[in-house]
Amino acid sequence: MSSVAVIDYGMGNLHSISKALQHASPDTNVIVTSDVQTILNADRVVFPGVGAMRDCMKALQDLNLVDVIKQAAQTKPFLGICLGMQALLNDSQENGHTDCLGILDGHVLKFAQPLLDANGEILKVPHMGWNQVKQTPHPLWQNIPDESRFYFVHSYYAAPESSEIIAGTSDYPNSFACALTQKNVFAVQFHPEKSQTVGLQLLANFLNWDGA
């Protein structure tokens with residue numbers, strides 16, 4: 001039986017993510033864990049997250065998970081979700097400056113405020129709700145129509161150093177990277193576990209992905 005470790009460091013929608021993964025692939029062994037060896041032994045790893053980056057990095061350090069995440073991100077199919085995507089970058093503007101994991105080259109920036117649409121109307125931050133995602137070719141988009149809607153909740157966004165690692169973009173109101181990929185790593189700003197049919201399809205694609 002294939003296994004997937006959902007990293008538990010106290011800052012993720014662990015029940016909804018694990019339930020969605022199990023629904024997407026009933027034959028997969030879904031393990032919610034903070035145990036280093038369990039994470040390293042799993043076939044795949046999901047790194048979720050909600051909340052503040054500084055709290056995230058402190059929790060990872062306190063649980064000795066920094067090195068295991070870096071190792072897993074080099075060796076097996078790895079999915080980052082929301083804060084778990086942002087933490088893969090070099091640093092975040094949150095709290096002025098917070099160092100992140102540096103697995104992907106780029107920065108986490110705060111949406112400018114006031115944030116205005118084309119009509120000069122103020123857009124709310126955090127960005128919350130359903131938004132279309134424009135895809136670039138990747139196995140995790142299989143059977144998901146381009147510009148499908150996914151569910152977002154975030155006040156910060158990823159700004160990668162290179163456009164080559166962008167796997168998807170969304171607009172609020174300007175275009176921003178909402179999916180990143182590098183080798184066996186795929187990471188999304190939106191919440192697939194809250195994105196109904198297309199979200200479950202993305203999770204199923206991940207659970208069938210060999211990381212190539």
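## Strands, a pocket and a few odd backbone spots

Strand β4 (residues 78-81) sends Phe78 and Gly80 one way and Leu79 and Ile81 the other, and all are buried, where buried means under 20% relative accessible area, exposed over 50% and partly exposed in between, with a 1.4 Å probe and protein chains only. This is a predicted model, in which local features need pLDDT of at least 70 and side-chain atom pairs count only at pLDDT 80 or more, while totals for chains, interfaces and linings use all residues. Residues are numbered from 1 along each chain as its sequence is written, and side-chain values use heavy atoms, with hydrogens and water left out.

Strands (E, at least two residues) and helices (H or I, at least four) are DSSP runs, numbered from the N terminus. Two strands pair if DSSP finds at least two bridges between them. On one side of the pairing list for β4 is strand β3 (residues 44-47), joined to β4 in parallel by three bridges, with Val46 opposite Leu79. β4 also pairs with β16, again in the parallel sense, over four bridges, and here Leu79 stands opposite Phe186.

From β16 (residues 185-188) we can step to β15, since four bridges join these two antiparallel strands, with Thr181 opposite Phe186. They make a hairpin with two residues between them, and Lys183 in the turn has a positive phi of about 55 degrees. β15 (residues 175-182) is mostly covered, with six of its eight residues buried. Its other listed partner is β14 (residues 166-171), antiparallel over five bridges, where Ser170 faces Phe176. That pair is a hairpin too, with three residues between the strands.

Back at the start of the chain, β1 (residues 3-7) and β2 (residues 29-33) run parallel, joined by five bridges, and Val6 stands opposite Val32. Between them the chain passes through helix α1 (residues 14-24) in a right-handed β-α-β crossover; right-handed means that, with the strands pointing away from the viewer, the path from the first strand over the helix to the second runs clockwise.

Trp141 sits in the loop between β11 (134-135) and β12, yet it is buried, at 4% relative accessible area. Its contacts (heavy atoms within 4.5 Å) beyond four places in sequence include Phe150, Gly168, Ala179, Phe186 and Leu202. Gly168 is 27 residues away along the chain, with 9.6 Å between the two C-alpha atoms.

As for the backbone, most residues other than glycine have a negative phi, and most peptide bonds are trans. Here are some exceptions:

| Residue or bond | Backbone value | Loop |
|---|---|---|
| Gln113 to Pro114 | cis, omega near 0 degrees | Pro114: between β7 (106-110) and β8 (115-116) |
| Tyr172 to Pro173 | cis, omega near -25 degrees | Pro173: between β14 and β15 |
| Asn64 | phi near 60 degrees | between α3 (53-62) and α4 (66-75) |
| Glu147 | phi of about 65 degrees | between β11 and β12 |

Asn64 counts as exposed at 60% relative accessibility, while Glu147 is partly exposed at 35%.

Finally, the largest pocket is lined by 14 residues, of which Gly51, Cys82, Val153, His154 and Ser155 lie nearest its centre. The elements giving two or more residues to this lining are α5 (83-86) and β12 (149-154).

Conventions:
On a 1 Å grid over the protein atoms alone, a cavity is a set of points where a 1.4 Å probe fits but cannot get out, and a pocket is an open set with protein on both sides within 12 Å along at least five of seven lines; lining residues have an atom within 4 Å of a point.
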